[in-house]
Structure formats: C-alpha cells, structure tokens
Amino acid sequence: MQQEDSSVTVFRKFLQIRTDHPNPDYEASAQFLMQKANEYGIDAEVYRETGTPIVIMKITGTDPSLPSLLLNSHVDVVPAVLESWNYEPFSGYKDEKGNIYSRGTQDMKCVCMQFLEVAHRIVQSKLKLKRNLYLTFVPDEEIGAGSKGMEVFVTHDKFRQLNVGLCIDEGLASPTEEFTVFYGERAPWWVHITAVGNAGHGSRFIENTAVEKLMRTINKMLEFRQQQFDSLHKGHHECGKKLGDVTTLNLTVLKAGINNGDNYSYNVVPTQAEAGFDIRIPPTVNLDEFLKQIKEWTAEEGLSFTFANYTEKNEMTHLNNDNKWWSTFKSSCEKIGIKLVPEIFPAATDSRFIRNLGIPAFGFSPINNTPILLHDHNEFLNENTFIRGIDIYMGIIPSLANMEP
Ligand SMILES: [Zn+2]
C-alpha cells in the first residue's frame with residue numbers, strides 16, 4: 001500500500017479539530033497551528049486582542065519595507081447534520097479513491113493547510129523572498145454579527161503593521177478543468193420593511209390596510225427580482241452573466257396577523273405587516289442609487305424600513321494590466337498551465353474587509369474538477385487535488401512575494 005503524503009496526513013488531522021459552529025474550539029486549532037509552525041521552523045504568534053485567537057505566521061523578506069503578501073484563511077466551519085452524511089463529518093475519513101470526506105475539506109481547511117505547506121516548503125528549501133509573507137488563520141468567518149475575526153482584526157494596529165499589499169483568500173471549487181478567481185463580492189443587504197394601515201372588523205371592506213400596502217411594495221420588488229433573473233438567464237449565451245453579476249432578492253421574512261398563543265384572529269384586520277428581504281448587490285451597482293430605489297419602493301406606500309445587515313462600501317479589485325499584482329498572478333498561472341476564469345463571488349468572504357480598505361484581494365481555492373460542496377452534506381476533496389493545489393500555490397505565491405515594486 002502506498003504511503004500517504006505527509007501534507008495529507010496533517011490536513012486530515014486538522015479536519016478532526018472541532019471548529020464547527022456554534023462552539024468552535026479555536027484554542028485547539030491555534031495550538032495545532034502553533035505546533036506545526038514550530039515543527040516547520042516558521043515564525044508564529046497567537047494574537048488575542050480581538051477576543052479569539054488569530055494565528056499569525058511570518059516569513060521575513062529581503063526587503064521588509066515593501067508591501068507584504070498576506071495569505072488569509074478562516075479556521076471555522078459550518079455545522080454538519082450527522083444523519084445526512086455517509087461518513088462521520090469530523091473524522092477526516094478517506095475512501096479508496098482518495099476522496100477525503102469532512103466538513104471543511106473545501107471551505108476552507110484545505111486552503112489553511114495548503115498555505116501552511118507552502119510556508120513549510122519555502123522555509124525548508126531556504127527560498128529567499130523579496131517581500132514579507134504573512135499567513136493569518138482567523139476565526140468567525142462563518143458567522144455574521146458579533147464576529148471576532150477579520151472584520152475586527154482589520155481595524156487593529158497589528159493588522160496595519162503587516163503593511164499588506166495583496167491578500168489571497170478563499171475562492172470556490174470549480175466543477176470543470178478551469179479554475180475560478182474572485183475579484184469582488186456582492187454586498188449583502190437585509191432589509192426589514194414595516195407597513196402600518198387601517199384596522200377593523202374582518203367582515204367589512206377596510207381600505208388601505210397594512211397588508212395591502214405591503215403587498216403592493218413586495219410585488220414591485222419581486223418584479224425587479226424577475227428582471228434580474230431574466231438578465232441572468234436570457235443573457236447567458238451572449239454576455240455570459242454569472243450569479244455574481246446580478247442582484248438577487250429574496251423575500252425571506254413575512255409577518256402579519258393578530259396572534260393569541262395558538263390562535264390567529266382571522267376576523268381582525270391587523271394594523272401592522274412586515275417583510276424582510278435578503279438582497280445581494282454586485283460591486284458594479286452604485287449602492288447610493290440602489291438605496292434610493294429601496295426608498296422609492298417603500299415611500300410610494302408610506303412604509304418604513306430598517307437594515308438588519310447593511311454595508312455602504314463594496315470595493316472590488318480591478319483586473320487590468322495597471323494592477324501588477326493581477327498581471328503577476330495571471331502570468332504565473334499561465335506558466336504552470338492553469339486556466340483562470342475571473343468572477344464576482346456570489347456570497348461573502350473575509351476578502352470584502354480587505355478590499356474595503358483599498359487593498360487588492362483575490363479569492364482563489366486551487367480546486368478544479370470537483371463539485372461545489374461548501375456548506376453541503378458529504379463535502380469532500382480528493383487527496384490528489386489537495387496535493388496539486390500546493391504545487392499550484394507554489395507556482396504563484398513566490399512570484400507574487402518577489403514582485404518588483
Ligand atoms: Zn469559507
């Protein structure tokens with residue numbers, strides 16, 4: 001029987017650390033990473049000022065005054081429903097084809113361990129890099145409000161001291177031979193709309209009720225949803241639009257009616273009705289204009305709204321030849337013979353906090369010919385894809401770290 005590659009063994013051990021929400025064991029993952037850094041001879045520290053441990057590793061460049069290269073990965077994973085998995089989701093199980101089944105095999109413990117292995121190889125081979133190379137392993141990417149991860153870390157002096165010139169973070173698996181690279185993300189807006197109207201007995205024709213007003217507004221918004229849906233599907237062949245290029249809008253909350261414990265008062269027209277939308281806006285849309293649009297939709301019926309989630313900024317990284325980071329990234333990929341497809345990330349990752357500081361960031365997971373299974377049951381990655389990913393990063397990361405100013 002063939003011996004397992006040591007990087008795969010380390011990966012499978014890391015998968016067994018329970019960093020799943022709601023109670024991720026960040027101490028255990030920090031301890032694991034520190035122990036590996038120590039073993040590999042990589043400078044590392046645990047930074048605790050955001051409230052949860054962030055592991056920072058560093059390989060000092062020959063010219064540390066230059067903006068650095070940051071490899072960022074999150075160590076937390078989403079929960080797994082045991083009954084829906086064919087194998088125990090935190091066991092690091094590998095089948096006879098070399099497929100490793102575990103939560104985090106794609107999102108994104110694979111990249112955590114690939115970055116670590118890249119640093120290991122650089123140190124081992126005594127490869128000299130011009131720029132400082134940092135690895136950050138952050139918590140709380142998979143939760144929204146109250147995160148103590150990248151969102152908070154970027155506001156700290158410690159982050160500013162890293163003097164980051166480019167960040168590489170997670171992307172998505174690609175089901176084809178090509179690899180996807182993400183240069184922007186959609187801004188998630190969660191809008192909560194409240195309508196107030198006339199009340200009365202359910203036997204009469206009450207005018208201008210809260211539900212009526214809300215329905216009219218909802219219908220206008222769903223019309224907009226249909227336009228976006230059509231532009232995604234109809235335009236597919238000519239302009240090749242992807243999910244990340246259009247605004248999605250889903251009615252996810254709907255609330256009205258007088259409720260007394262188990263019973264609804266079917267004969268009372270309620271004074272209030274509420275709706276909530278999950279809206280995802282591409283970075284090509286002007287956010288001020290879009291806010292104006294929401295104000296118009298709601299103002300026509302005299303409704304009010306609040307944001308349960310809002311970002312006023314949504315920067316993207318420009319992929320033109322003036323951006324030397326991009327031209328270097330692209331030419332390195334050409335050199336190793338992999339084909340890149342640039343896209344807007346349909347959901348959100350930690351890259352948005354970096355881009356909103358004006359720092360370029362690429363979302364890139366070196367996973368091709370693999371179904372997209374992040375957050376899904378039976379998430380897996382083949383060991384050969386994992387090992388090849390390390391080689392791919394080795395073809396890209398040193399060129400970026402050696403880029404001339
Ligand atoms: Zn992720």
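Four donors count as tetrahedral if all their angles lie between 85 and 135 degrees, four count as square planar and six as octahedral if opposite donors are over 155 degrees apart and all others between 65 and 115, and anything else is irregular. Keep that in mind for the zinc ion here, whose donors (N, O and S atoms within 2.8 Å of the metal, or 3.2 Å for Na, K and Ca, with water not among the atoms, so sites may look incomplete) are NE2 of His74, OD of Asp107 and, twice, OE of Glu170, at 1.8 to 2.6 Å. The four donor atoms subtend angles of 55 to 147°, so the arrangement is irregular.

This is a predicted model, in which local features need pLDDT of at least 70, side-chain atom pairs count only at pLDDT 80 or more, and totals for chains, interfaces and linings use all residues. Residues are numbered from 1 along each chain as its sequence is written, and side-chain values use heavy atoms, leaving out hydrogens and water.

Along the sequence, the donor residues follow the spacing H-x32-D-x62-E. His74 and Glu170 sit 96 residues apart, so to speak in distant parts of the chain. Strands here are DSSP runs of at least two residues (E), helices runs of at least four (H or I), numbered from the N terminus.

| Residue | Place | Relative accessibility |
|---|---|---|
| His74 | strand E3 | 1% |
| Glu170 | loop between E7 and E8 | 4% |

Are these two buried or exposed? His74 counts as buried because its value is 1%, and Glu170 counts as buried because its value is 4%; buried means under 20% relative accessible area, exposed over 50%, and partly exposed in between (1.4 Å probe, protein chains only).

Now for the neighbours. Contact means heavy atoms within 4.5 Å. Leaving aside residues up to four places away in sequence, His74 touches Asp107, Glu141 and Asp350, among others, while the contacts of Glu170 include Asn72, His74 and Phe364. The side chain of His74 also makes a polar contact (a pair of N or O atoms within 3.5 Å; within protein, one must be able to donate a hydrogen and the other to accept it, and residues adjacent in sequence count only if both atoms are side-chain atoms) with the side chain of Glu141, at 3.3 Å. Between the side chains of Glu170 and His74 there is a polar contact of 3.2 Å.
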